[in-house]
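Hi,

Here's the structure I promised to pass along. Have a look at it first, and my notes follow underneath.

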Amino acid sequence: MGFLECFSNKYKRRTYVATNGLIFDGTKPTVTPTIVTKAIKGYYNKNVTIELGVEDAAPYSGIKEIRYIVECAGEITDSATLYTFEPKDEDNPQYNELVSKWNSDKEDMNIVVNAAENNHDKVKVTFTVTD
């Protein structure tokens, strides 16, 4: 358990506050999508595979959830949760259980954008990371 020392008044009386596992994380995670499938003359004519890397730099609160949505001409054609933090004890998560780096390729969870369902030039893939 960490402690934060505060001076509470002009007499410099010390007050100690236990953080009890609280982590202040003001930095956004880095999200790195990489299109693995090669385009032909700027177009994809088959399924498109995307690898996703996520990193929550120190001091980190850990990655809570990673999701993606595939849209074709404004319609959602696919969506999924790729990762969800699940501590052993939900009431008492431990710092060493936190995940600061996640990679879809290592988890065998690459995103595949289906060519038949997304046969349009307006296809958007959105990644959402919660830390």
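To start with a small one: which residue in β8 does T49 stand opposite? It's V112. Keep in mind as you read that this is a predicted model.

That pair belongs to the pairing between β4 and β8 (residues 111-113), which are antiparallel and share three bridges. β4 itself covers residues 48-55, and six bridges tie it to β3 (residues 30-35), again antiparallel. If you want a spot to click on there, I35 has I50 of β4 as its bridge partner. β4 also runs antiparallel to β7 (residues 101-103), with three bridges between them. In that pairing you'll find G53 opposite N103.

Next, the inside. The largest nonpolar core has 18 residues, and the ones touching the most other members are L52, I63, I66, L82, W102 and I111. At least two core residues come from each of β4, β5 (65-72), β6 (75-84), β8 and β9 (123-130). β4 turns up again here: with four residues, it gives the core its largest share.

I111 is a good residue to centre your view on. Leaving out residues up to four places away in sequence, I111 touches V48, T49, I50, L52, Y68, L82 and F127. So T49, which we met opposite V112, is also among the contacts of I111.

Now for an acidic residue, D56, in the loop between β4 and β5. D56 is buried but makes no salt bridge. How far away is the nearest side chain of opposite charge? That would be K101, at 12 Å. What the D56 side chain does reach is the backbone nitrogen of G62, at 3.1 Å.

Last, a couple of backbone angles. Most residues other than glycine have a negative phi. Two residues go the other way, each sitting in a loop:

- K41, between β3 and β4, has a positive phi near 55 degrees. K41 is exposed, with a relative accessible area of 80%.
- A73, between β5 and β6, has a positive phi near 50 degrees. A73 is partly exposed, at 45% relative accessible area.

If you only have a few minutes, I'd go to β4 and its antiparallel pairing with β3, then to I111 and its contacts, and finish on D56 and the backbone nitrogen of G62.

Cheers

Notes. Residues are numbered from 1 along each chain as its sequence is written. This is a predicted model: local features need pLDDT of at least 70, side-chain atom pairs count only at pLDDT 80 or more; totals for chains, interfaces and linings use all residues. Side-chain values use heavy atoms; hydrogens and water are left out. Two strands pair if DSSP finds at least two bridges between them. A nonpolar core is a set of buried Ala, Val, Leu, Ile, Met, Phe, Trp, Tyr and Cys residues joined through side-chain atoms within 4.5 Å. Buried means under 20% relative accessible area, exposed over 50%, partly exposed in between (1.4 Å probe, protein chains only). Contact means heavy atoms within 4.5 Å. Lys and Arg count as positive and Asp and Glu as negative; His and the chain ends are not counted. A salt bridge is a side-chain nitrogen of Lys or Arg within 4 Å of a carboxyl oxygen of Asp or Glu. A polar contact is a pair of N or O atoms within 3.5 Å; within protein, one must be able to donate a hydrogen and the other to accept it, and residues adjacent in sequence count only if both atoms are side-chain atoms.
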